[in-house]
Amino acid sequence: MSTPPDPTPAPPAGPPAGNPSAPAPPPAPDPAAPPAPDDVPLGPAGEKALTEWKTRAKTGEKALAEATARLKEFEDAQKTETEKLAERATAAEQREAAATRLAVASKVEALAVGTFEDPEDAIGSLDPAAFITDGVIDTEAIKTALAQLLERKPHWAKASGPRVPKPDPAQGPRPGAVPGDIESQIRDAQAKGDWRTALSLQNQKLADLK
C-alpha cells in the first residue's frame, strides 16, 4: 500500500506581496469632521494675559494719537506766532521807511526853499534813501545833489526878483522894441524850455508896466 503525498501547507496571513516592510496608509479624513485648531489652547491664565496685552496695546495707541495731535497743535501755534512776528517786523520796517522818507523830504524842502522856485520839484527828483548814512540824514550830500539838480534843470531855479536881463542880440529887449516883442520872446523861451529866461522876461514886462 503506497503512502499518500504530504499536502502543501497554506501560506501564513500577512501583508500583501510587493514591499513587505511598507506601513499601511493613513485613513482618509472625514469631510464632516471639524478642522483641528491651529493654536494650542492658552488656558485661563493665557487668555487673561492676552486680554491684558490687547488692552495695553489699545491704550498705547490712544496715547500716541493724543500726543501726535498735541504736537501738531503746538507746531501750528508756533507757526502762527512766527507769522505774526514776521508781519510785525514788516510793518515796523515800512513805518521806519515812511518816517525816513518824510524826514529827508522835509530836509530837502528846507534846503531847496532858497534856491528852487518850487521845492516840490527837488523833493520829487531825489531819492531819500541816498541821503541816509547810519540812520543819519546827510545834509551835505543833499546840498550837493540840489546844486547838481539845478545845473541840469536851471529853469527850476528861483528868480531873485524883478530885474532887467542883460541885452542879448538873440533875445531880450532891443532899443525901440514894442511890448509885443517881449511876448514873442517869452513864448520862444517857453517853447525851448528855458523857463528861467521866460520868468525873467515876464518880470521885466511887469516892471515896464509900472
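Q: Is Asp-134 buried or exposed?
A: Keep in mind that this is a predicted model. Asp-134 sits in the loop between strand S1 (132–133) and strand S2 (136–137). To count as exposed, a residue needs over 50% relative accessible area. With 78% relative accessibility, Asp-134 is exposed.

Q: What is the phi of Asp-134, a residue that is not a glycine?
A: Here's some background: most residues other than glycine have a negative phi. Asp-134 isn't a glycine, yet its phi is positive, at about 55°.

Q: Which residue forms a salt bridge with Lys-143?
A: Side chains of opposite charge can pair when their charged atoms come close. The cut-off to pass is a side-chain nitrogen within 4 Å of a carboxyl oxygen. For Lys-143, the closest N and O atoms are 3.8 Å apart, and the partner is Glu-140.

Q: In which helix are Lys-143 and Glu-140 separated by about one helical turn?
A: Lys-143 is partly exposed, at 41% relative accessible area, and Glu-140 is exposed, at 52%. The two are three residues apart, so about one helical turn lies between them, and the helix they share is H3 (residues 139–152).

Q: How many salt bridges does the count come to?
A: We've just met the pair Lys-143 and Glu-140, which forms a salt bridge. Going by the 4 Å rule, the count comes to one.

Q: Which residues form the negative surface patch?
A: Let's start with one member, Asp-118, which you'll find in the loop between helix H1 (43–112) and helix H2 (119–125). A patch residue needs over 30% relative accessible area, and Asp-118 has 36%, which makes it partly exposed. The full patch is Glu-109, Glu-117, Asp-118 and Glu-120.

Q: In what order do the elements of the protein run from the N terminus on?
A: There are five helices and two strands to place. Start at the N terminus and read along, and you get α-α-β-β-α-α-α.

Q: What share of the residues in the protein is buried?
A: A residue counts as buried when its relative accessible area is under 20%. The protein exposes about 16800 Å², with carbon and sulfur atoms supplying 59% of that area. Out of 210 residues, the buried share is 13%.

Technical notes:
Residues are numbered from 1 along each chain as its sequence is written. This is a predicted model: local features need pLDDT of at least 70, side-chain atom pairs count only at pLDDT 80 or more; totals for chains, interfaces and linings use all residues. Side-chain values use heavy atoms; hydrogens and water are left out. Patches are made of residues with over 30% relative accessible area and no salt bridge: like charges are joined within 9 Å, nonpolar side chains (Val, Leu, Ile, Met, Phe, Trp, Tyr) within 5 Å. Accessible areas come from the Shrake-Rupley method with a 1.4 Å probe; for residues, only the protein chains shown count as cover. Lys and Arg count as positive and Asp and Glu as negative; His and the chain ends are not counted. The place of a charge is taken as NZ of Lys, CZ of Arg, CG of Asp or CD of Glu. Helices (H or I, at least four residues) and strands (E, at least two) are DSSP runs, numbered from the N terminus. Buried means under 20% relative accessible area, exposed over 50%, partly exposed in between (1.4 Å probe, protein chains only).
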